[in-house]
Amino acid sequence: MARNQYVSSALVAVVALAVGFLLAGQVKAQLLTPSNQVARNQALVHSVQDLERTNDSDRKQIASLRDQIDALEAEAAGRSDTTRALQNQVADLRAHAGLTAMHGPGVKVGLTNGSPDADPTGKARYLVTFQDVQDLVNLLFAAGAEGVAVSGRRITPLSSFSGSEGEVVIDQGPPLFSPIQVLAVGDRNRMETALDDPNLLPSLRVRQLQFGLGVKVTGAPDVTLPAYDASLEIPHVGPA
Amino acid sequence: MSARPKTTASRAHTRSRSASGAIAVWVIALLIALVATIQLRSQAEVERSLQSADPSTLAFSIDQLHRSNDALEAQIASLKQQQATLQAGGGDAVDQQLANEANQLRMLEGLVPVRGSGIVFTLDASGLSALDLQDALNNLAAGGGEAMAVNEHRIVVGVDVEQSESGVTVDGTLVSPPWRFEVIGDSNRLVETADLMTQQLRSDRRVHEAVYVVEQDLVVRAIVTERPFVYAISS
């Protein structure tokens, strides 16, 4: 009798579990996008991931080739004063172009998306945009930055910003998403003062209040910026 | 005889306990199943959302990455050629290569006048701000611009574009509209960009004029002065 009760309870539990899974599956399935749309998105995601892998591998190859060329030039500079003078000139120009790593006093600025619940506009104003990053980088340079990097990507004299909702593309990508960290080396006091000024970066500050966008500024005695690791070419420009 | 009613009551009690036990088992099992399913499916969704954005964002990323990878591969080919030249040639080859790189970097950093094909874009509007100028310059740079000047002021990233009481300044000098942008770069891409910009700008009531012309041989004479580093140390 007791055994029968256990069996029936177990049976009831199994049936209940199955019903529960089916019910939950049904409820969630209605919340999901249609499966063919998901599949299409997945195919696009795989394409992006493949291209990002190629991008990463190309950047590593460029860094390695640059190292090998530097070694060959250094070897030649050891044999000739003219070569050494030229190498020093190029080293200075490379440093100003962002092609070498640098360090020094500076600031770190963290940008994070706000809360979607706080944004009833439907325009995704709670997201960090490429314009926010562009405005911040311009402000840092105007306030004494000598070098800037955004989430590991060094800004060069040719840098440009683009993107779509919540996606930031600097130069030739790959795309960056929140949280974004901007590092700057230069006049730390001037940069901190500018970042504290409530009249600057108006769009970011308004959305910070309205949608909770995160802007965290930290001064640091020694900030390190990586070298630019991609193509810096101007094929359509020649000497005048 | 007196035991019978007790037995009936006891059976009824047992039946009721067993029924409530079964209900409890049902409810608990349902809850576990519900929570487990939601958890499993939520995890799958989070994984998906980590990678995915909407299709237009993904398409934009694919386009950007294709362009980036093409540029990187061209750069790899160029560096391999440089490496081969250095390995094959003697000191003269190294000097020549260093001189070429120095010239290229001076042009890129805006330290010398440059020429090439491109566009001249004119924008006249009332109430233009420093942010408008920065946006226009960024759009032109992202749209294929490789060397730029506005009203005879050379622009590279890092040049101060600021809002003052009297208007917009570039490197401390007032730059009043109309703004004349000289942009050297890939003409096809620049034309596409300029078309989009003119369309957008003409819908802005402040704008009096937004036009561009293509130039086969455009000279940008304005230069910037190199600023030595005060705080930064190159590694």
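This section describes the domains, cores and chain contact of a two-chain model. The model is predicted.

Domain assignment separates chain A into domain 1, residues 35-95, and domain 2, residues 102-225. Their C-alpha centres are 24 Å apart. Chain B receives three domains in the assignment: domain 1 (1-38), domain 2 (69-107) and domain 3 (113-220). Between domain 2 of chain B and domain 3 of chain B, the C-alpha centres are separated by 32 Å.

Chain B contains five helices and nine strands. Read from the N terminus, the order of its elements is α-α-α-β-α-β-β-β-β-β-β-α-β-β. Three helices thus open the series. Two strands end it. Of the 235 residues in chain B, 31% are buried. Contacts in chain B with a separation of 6 or more were also examined by sequence distance. Residues 24 or more positions apart supply 75% of them.

The largest nonpolar core holds 90 residues. Within this core, A:Leu140, A:Val148, A:Val150 and A:Val182 touch the most other members. Helix α4 of chain A, residues 130-142, gives the core its largest share, seven residues. A second core is separate and has five residues. Among them are A:Leu44 and A:Leu51 from chain A, together with B:Leu58 and B:Leu65 from chain B.

The surroundings of A:Val150 show one part of the larger core in detail. Leaving aside residues up to four places away in sequence, A:Val150 touches A:Val133 and A:Val137. Its other partners on this count are A:Ile155, A:Ile170, A:Leu176, A:Ile180 and A:Val182. A:Val182 is also one of the core residues that touch the most other members.

The contact between the chains involves 88 residues of chain A and 85 residues of chain B. On the chain B side, helix α2 (residues 55-88) makes the largest contribution, with 26 residues. The side of chain B that touches chain A comprises 43 nonpolar, 27 polar and 15 charged residues.

Strand pairing also links the two chains. Strand β1 of chain A, residues 102-112, pairs with strand β9 of chain B, residues 233-234. The two strands run antiparallel and are joined by two bridges. In this pairing, A:Met102 lies opposite B:Ser234 of β9(B).

Notes. Residues numbered from 1 in each chain as written. Chains lettered and ligands numbered in written order. Predicted model: local features only at pLDDT ≥ 70, side-chain atom pairs only at ≥ 80, totals over all residues. Domains from an automatic or database assignment. Core = buried A, V, L, I, M, F, W, Y, C linked by C-beta atoms within 7 Å. Buried ≥ 20, exposed ≤ 12 C-beta atoms within 10 Å, placed from the backbone. Helix = DSSP H or I, 4+ residues; strand = E, 2+ residues; numbered from the N terminus. Contact = placed C-beta atoms within 7 Å. Nonpolar A, V, L, I, M, F, W, Y, C, P; charged D, E, K, R; others polar. Pairing = 2+ DSSP bridges.
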